[in-house]
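Visitor: I am new to reading protein structures, and I would like to learn how to go through one feature at a time. Could we look at an example together?

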Amino acid sequence: MTSTVQDPIDLLRSSLEEQFKLYTEQLTELTACSRQPGRGGYDRDTLTALIGSARQALADSARALRRMAEGSYGTCERCTADIPLERLEILPHARFCVPCQRQQTG
Ligand SMILES: [Zn+2]
């Protein structure tokens with residue numbers, strides 16, 4: 001096959017690993033704040049929301065990395081169509097193609 005300088009999937013993998021690390025740190029930090037008496041200056045609702053979205057982002061990148069290991073990465077989980085690389089470059093943890101994503105949210 002053709003030999004490229006760098007496989008785009010490798011680039012996506014490093015950015016997912018980067019994300020995973022980042023959100024793990026963020027979650028650790030936020031969890032530590034939530035255990036402090038003053039909650040690190042956050043009000044309870046903000047902290048809960050931040051922890052929720054960090055946890056979600058962490059799960060998303062973990063799932064994408066697992067799918068990469070399984071070889072199902074880049075395939076829509078709903079209709080099994082290939083997710084375009086341009087979409088994955090914007091949203092490396094995308095689980096659905098654009099039409100399916102629209103159906104999910106809309
Ligand atoms: Zn789809």
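Visitor: Let me start with a single residue: is Arg39 buried, partly exposed or exposed?

Guide: Before answering, please keep in mind that this is a predicted model. To place a residue in one of these classes we look at its relative accessible area, where under 20% is called buried, over 50% is called exposed, and anything in between is partly exposed. Arg39 has a relative accessibility of 25%, so it counts as partly exposed. Arg39 belongs to the loop that joins helix 1 (8-35) to helix 2 (44-70), and its phi angle is near 50°, which is a positive value in a residue other than glycine.

Visitor: Which residue in the loop between helix 2 and helix 3 can I look at in a similar way?

Guide: You can take Thr80, which sits in the loop between helix 2 and helix 3 (85-90). The phi angle of Thr80 is near 60°, again a positive value in a residue other than glycine. With a relative accessibility of 58%, Thr80 is over the 50% cut-off and therefore counts as exposed.

Visitor: How many helices and strands does the protein chain have?

Guide: Here the idea is to list the elements and then read them in order from the N terminus. The protein chain has 4 helices and 0 strands, and the order of its elements is α-α-α-α. The radius of gyration of the protein chain is 17 Å, well over the 13 Å that the globule rule gives for 106 residues, so the chain is more spread out than a compact globule. The C-alpha trace, taken along its principal axes, spans about 60 × 35 × 20 Å.

Visitor: What share of the 106 residues of the protein chain counts as buried?

Guide: Buried residues make up 26% of the 106 residues. The surface can be described too, since the protein chain exposes about 7,300 Å², with carbon and sulfur atoms supplying 52% of that area. One can also ask how far apart in sequence the partners in contacts are: among contacts with a separation of 6 or more, 49% join residues 24 or more positions apart.

Visitor: Which residues does Leu58 touch, if I leave out those up to four places away in sequence?

Guide: A contact list is most useful when it is read together with the position of the residue. Leu58 is found in helix 2, and at 16% relative accessibility it counts as buried, because that value is under the 20% cut-off. Beyond its sequence neighbours, Leu58 touches Phe20, Tyr23, Thr24 and Leu27. A distance adds to this picture, for the C-alpha atoms of Leu58 and Leu22 are separated by 8.6 Å although the two residues are 36 residues apart along the chain.

Visitor: Where is Gln19 placed, and what is it in contact with outside its neighbours within four places in sequence?

Guide: Gln19 is in helix 1, and at 19% relative accessibility it counts as buried. Apart from those neighbours, Gln19 is in contact with Ser61, Pro92 and His93. Helix 1 also holds Thr28, which counts as exposed at 52% relative accessibility. The C-alpha atoms of Thr28 and Leu47 are 12 Å apart in space, and the two residues are 19 residues apart in sequence.

Visitor: Which residues are the protein donors of the zinc ion?

Guide: For a metal site, one names the donor atoms, then their distances, and then the angles among them. The protein donors are the SG atoms of Cys76, Cys79, Cys97 and Cys100, lying 2.3 Å from the zinc ion. In sequence these donor residues follow the spacing C-x2-C-x17-C-x2-C. Ideal angles for four tetrahedral donors are 109.5 degrees. In this site the angles among the 4 donor atoms are 105 to 116°, and the site is tetrahedral.

Visitor: Are Cys76 and Cys79 buried or exposed?

Guide: Cys76 is buried, with a relative accessible area of 2%, whereas Cys79 is partly exposed, with a relative accessible area of 37%.

Visitor: What does UniProt list for residues 76-100?

Guide: In an unreviewed entry, UniProt lists residues 76-100 as "zinc finger region: dksA C4-type". The end C-alpha atoms of that span lie 8 Å apart, and the span is 36% helix and 0% strand. UniProt also places "domain: Zinc finger DksA/TraR C4-type" at residues 71-102, likewise from an unreviewed entry. For residues 71-102 the end C-alpha atoms lie 25 Å apart, with 34% helix and 0% strand in the span.

Key: Residues numbered from 1 in each chain as written. Predicted model: local features only at pLDDT ≥ 70, side-chain atom pairs only at ≥ 80, totals over all residues. Heavy atoms only, no water. Donors = N, O, S within 2.8 Å, 3.2 Å for Na, K, Ca; no water. Tetrahedral: all angles 85-135°; square planar, octahedral: opposite > 155°, others 65-115°. Buried < 20%, exposed > 50% of the residue type's maximum accessible area, 1.4 Å probe, protein only. UniProt positions renumbered as here; feature names shortened; annotations may be inferred. Helix = DSSP H or I, 4+ residues; strand = E, 2+ residues; numbered from the N terminus. Rg over C-alpha atoms; globule rule 2.2 N^0.38 Å. Contact = heavy atoms within 4.5 Å. Areas by Shrake-Rupley, 256 points an atom, 1.4 Å probe, with all protein chains shown as cover.
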